[in-house]
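Please take a moment with the sequence and the three-dimensional view before reading on. The paragraphs below are meant to be read with both at hand.

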Amino acid sequence: MKNILIISTGGTICSKVIDGCRRLAPDVSESTVVENFYKNSKYASRLGGIFENSDFPTKTLSENMTFSKLESLLSHINGFDLEKYSGVIILHGTDTLAYTAALLSLVFSYTPVPIMLVSGDAPPDMEISNANANFEKAVECIVEGISPNVYVPYRNSDGKMTLHLASRLMQCPSFSSDFRSVGACVDFEKISRERRSLPFDVKEFDSSVMLIQPYVNLDYSRVDLDGVTAVAHGTYHSGTFCTEGGKYSVITLAENCKEHDIPLFVAPCTLGEDQYESVYNALDCAEIIPVSMTLEMLYIKLTLAVSAGLHGEEIKKFVLTPFNSEMVS
């Protein structure tokens, strides 16, 4: 069997409690998850020396993730001939995991090998940590020949291990270390056959996309659109947003966006007989583009679009084109 490439980016899975707080200790932590794998996995006896450290130089706690660091990660991955490996395991923090998962699921939508994003809710040398279980699951999926794609294996606090499709992963809610993804995706082979490569390469990310989360009494008249090229607007859990109250209505934002020739997308927002009239009323009188995908994915797709120099209808077409099952019906 070919080697498994390990890329350590940082985060809790690459940390250790030192002087009373969690600090990055990537070399120690990577050794810990590998050693624990050899102690506990049913595959340990036949996988000796299979792990190859990629020596990724940029380590960060994931809350400190930036576009420049993500650019370094993409460049680093592209520096390897992935077909020479059985798979790739990327050690990553939980705070911004959903954004990196969305990005990799698109950029490597046509990966020749499985790519696993592995995180932990505590440093791997702590008994309470799920980092070792998540790492073990990633290795087992690769060894068992899972279809090439980008995945996130993660054990929640209820003890249930789930293999998430990276393109549908959502951020952890506050006061929780649990992850969920949209829609149960069990036929990974079928999903992998339907993948589509991006129509362009992006070397440098444009940071002009604005992301807005709705909240009670959000005053859209105070939103400064200077330098903004596209807006990703979130919704409440039912796919809705405020449509009354003048400056508190998303229609005000839509009118301002139209005046500045800025496309406005809202997600996740699925239309149908279960959707509320407030949403349909807004769509009837304003240029708002609803999309059925996670807000994290929408933000990343818009960033890729503007980074590639797309404009107007080109951006809309790109966002509404599925590449790796990110569209949820």
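What follows is a walk through a predicted model, taken from its interior to its strands, its charged pairs and its loops.

A starting point is the interior, where the largest nonpolar core counts 56 residues, and where Leu298, Leu302 and Leu304 touch the most other members. Helix α8, which spans residues 295-307, gives this core its largest share, namely nine residues. To see how one residue of the core is surrounded, the reader may turn to Leu304, which, when its neighbours within four places in sequence are left aside, is in contact with Leu103, Leu106, Leu198, Phe200, Val202, Phe205 and Phe318. There is also a second core, separate from the one just described, with 28 residues that include Tyr43, Val118, Ile142 and Leu165.

From the cores we can pass to the strands and to two hairpins. Strand β2 (residues 15-18) and strand β3 (residues 21-24) run antiparallel and are joined by four bridges, and within this pairing Val17 has Arg22 of β3 as its bridge partner. The two strands form a hairpin with two residues between them, and here Asp19 takes a positive phi near 55°. The other hairpin is built from β7 and β8 with five residues between the strands, and in its turn Gly159 shows a positive phi of about 90°. Strand β8 covers residues 161-165, and its antiparallel pairing with β7 extends over five bridges; one of the partnerships is that of Val152 with His164 in β8.

Ahead of β7 (150-155) comes a loop that begins after α4 (131-143), and Ser147 lies in this loop. Is Ser147 buried or exposed? Its relative accessible area is 12%, and Ser147 therefore counts as buried, since the cut-off for that class is under 20%. Apart from neighbours within four places in sequence, Ser147 is in contact with Pro114, Phe188, Glu189 and Ser192.

The charged side chains offer another way through the structure. Side chains of opposite charge can pair when their charged atoms come close. The model holds five salt bridges, and three of them are followed here. In one of them, the side chains of Asp125 and Lys16 meet with a distance of 2.8 Å from N to O. This pair links distant parts of the chain, 109 residues apart, with Asp125 in the loop between β6 (115-118) and α4, and Lys16 in strand β2. Asp125 is partly exposed, at a relative accessible area of 40%, and Lys16 is likewise partly exposed, at 30%.

Another salt bridge brings together the side chains of Lys42 and Glu144, with 3.9 Å from N to O. This pair, too, links distant parts of the chain: Lys42 sits in the loop between α1 (26-40) and β4 (51-53), whereas Glu144 belongs to the loop between α4 and β7, 102 residues apart from it. Lys42 counts as exposed because its relative accessibility is 60%, and the class of exposed residues begins over 50%.

A further salt bridge is formed by Glu287 and Lys258, whose closest N and O atoms are 3.5 Å apart. Glu287 is in the loop between α7 and β12 (289-290), and Lys258 is in helix α6, 29 residues apart in the chain. Both Glu287 and Lys258 are exposed.

Several loops deserve a careful look at the backbone. Asn217, in the loop between β9 (209-212) and β10, has a positive phi of about 75° although it is not a glycine, and at 51% relative accessibility Asn217 counts as exposed. Asp261, which lies in the loop between α6 and β11, is another residue other than glycine with a positive phi, here near 55°, and Asp261 is exposed, with a relative accessible area of 69%. In the loop between β11 (264-266) and α7 (277-285) lies Pro268, and the peptide bond that leads from Ala267 to Pro268 is cis, with omega near -10°.

The walk ends at the surface, where Tyr215, Val216 and Tyr236 make a nonpolar patch of about 340 Å². Of these residues, Tyr236 is found in the loop between β10 (230-233) and α6 (250-259), and Tyr236 is partly exposed, with a relative accessible area of 31%.

Definitions and conventions: Residues are numbered from 1 along each chain as its sequence is written. This is a predicted model: local features need pLDDT of at least 70, side-chain atom pairs count only at pLDDT 80 or more; totals for chains, interfaces and linings use all residues. Side-chain values use heavy atoms; hydrogens and water are left out. Buried means under 20% relative accessible area, exposed over 50%, partly exposed in between (1.4 Å probe, protein chains only). Contact means heavy atoms within 4.5 Å. Two strands pair if DSSP finds at least two bridges between them. A nonpolar core is a set of buried Ala, Val, Leu, Ile, Met, Phe, Trp, Tyr and Cys residues joined through side-chain atoms within 4.5 Å. Patches are made of residues with over 30% relative accessible area and no salt bridge: like charges are joined within 9 Å, nonpolar side chains (Val, Leu, Ile, Met, Phe, Trp, Tyr) within 5 Å. Accessible areas come from the Shrake-Rupley method with a 1.4 Å probe; for residues, only the protein chains shown count as cover. A salt bridge is a side-chain nitrogen of Lys or Arg within 4 Å of a carboxyl oxygen of Asp or Glu.
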